[in-house]
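Work through the exercises below with the sequence and the structure side by side. Each task is followed by a solution in steps.

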Amino acid sequence: MTDAQNHATTPEDNTSDTPPLMLAIESQYIKDLSFEAPQTPVIFHKMREQAPAVSFGADVKARHLDGNVFEVLLHVEVKADVGAETAFMLELAYGAVVQANPVEADHLQPLLLIEAPRMLFPFVRNIIADVTRDGGFPQLMLQPIDFAALYRHRLAEATRSEQESTPAQV
């Protein structure tokens, strides 16, 4: 083995242009959790005959706490219906206190609204799977969320609202 192949780099040796870690999660928590199964136990019999239709919604919010510390809140709503009856409703607000190393202002929102929820999602997915299972239903395993698309959609809506509220110049 040559000397170059055997050389391990140390932080002092690293002269690449790699930026330092920009996002660190300080703590994670369930801010709010609600699970309701209003039609149990009758709904279990109906579910043998008809699979539930599951609807899902997600939203991400971030707020400044202090300095470069922010709260990121991932809110998820899941509803399962069998015909006209509700099998269950689940709402989860899962939060994190994150520290964003000094970053350019243009990069802060995407960091907080795309990268942070991407890091939180596996925990949210696990909580939802456990709660639905513990509620007596088949374990619900959510598919990954495209937080970048959610962010772009939110920006497009904000731009559209801004254009609609701005009076036309003559």
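The model is a predicted one.

**Exercise 1.** Find the strand that holds Glu71, decide whether Glu71 is buried or exposed, and list its partners beyond the neighbours within four places in sequence.

Solution.
- Step 1: Strand β3 covers residues 69–82, and Glu71 is in this strand.
- Step 2: The relative accessibility of Glu71 is 6%. Buried means under 20%, so Glu71 counts as buried.
- Step 3: Neighbours within four places in sequence are set aside; Glu71 is then in contact with Tyr29, Lys31, Lys61, Ala62, Arg63, Leu65 and Ala96.
- Step 4: Among these residues, Tyr29 has a side chain that makes a polar contact of 2.6 Å with the side chain of Glu71. The side chain of Lys31 makes a polar contact with that of Glu71 as well, at 2.9 Å.

**Exercise 2.** Describe how helix α3 and helix α4 pack, and sort the residues of their contact by character.

Solution.
- Step 1: Locate the helices: α3 spans residues 105–134 and α4 spans residues 147–165.
- Step 2: Their axes lie 9 Å apart and make an angle of about 145 degrees. The crossing of α3 with α4 is right-handed.
- Step 3: On the α3 side, the contact is made by Gln109, Pro110, Leu113, Ile114, Pro117, Arg118 and Phe121. On the α4 side, Phe147, Ala148, Tyr151 and Arg154 meet them.
- Step 4: Sorting the residues of this contact gives eight nonpolar, one polar and two charged.

**Exercise 3.** State how many aromatic pairs a search of the whole structure finds, and examine the pair of Phe88 and Phe137.

Solution.
- Step 1: The search finds five aromatic pairs.
- Step 2: In the pair of Phe88 and Phe137, the ring centres are 5.0 Å apart and the planes are at 55 degrees, a tilted arrangement.
- Step 3: Phe88 belongs to strand β4 (residues 85–100), while Phe137 sits in the loop between α3 and α4; the pair therefore ties together parts that are 49 residues apart in sequence.
- Step 4: Phe88 and Phe137 are both buried. Together with Phe35 and Phe44 they form one aromatic cluster.

**Exercise 4.** Place Val42 in its helix, and give its separation from Ala87 in sequence and in space.

Solution.
- Step 1: Val42 is in helix α2, which covers residues 42–49.
- Step 2: With a relative accessible area of 48%, Val42 is partly exposed.
- Step 3: Val42 and Ala87 are 45 residues apart in sequence, and their C-alpha atoms are 9.3 Å apart in space.

Methods: Residues numbered from 1 in each chain as written. Predicted model: local features only at pLDDT ≥ 70, side-chain atom pairs only at ≥ 80, totals over all residues. Heavy atoms only, no water. Helix = DSSP H or I, 4+ residues; strand = E, 2+ residues; numbered from the N terminus. Buried < 20%, exposed > 50% of the residue type's maximum accessible area, 1.4 Å probe, protein only. Polar contact = N/O pair within 3.5 Å; in protein donor to acceptor, adjacent residues only side chain to side chain. Contact = heavy atoms within 4.5 Å. Axes fitted to C-alpha atoms, helices over the stretch in contact; angles between N-to-C directions. Left-handed = near helix turned anticlockwise from the far one by under 90°. Nonpolar A, V, L, I, M, F, W, Y, C, P; charged D, E, K, R; others polar. Phe/Tyr/Trp six-rings, centres within 6.5 Å; stacked < 30°, edge-to-face > 60°.
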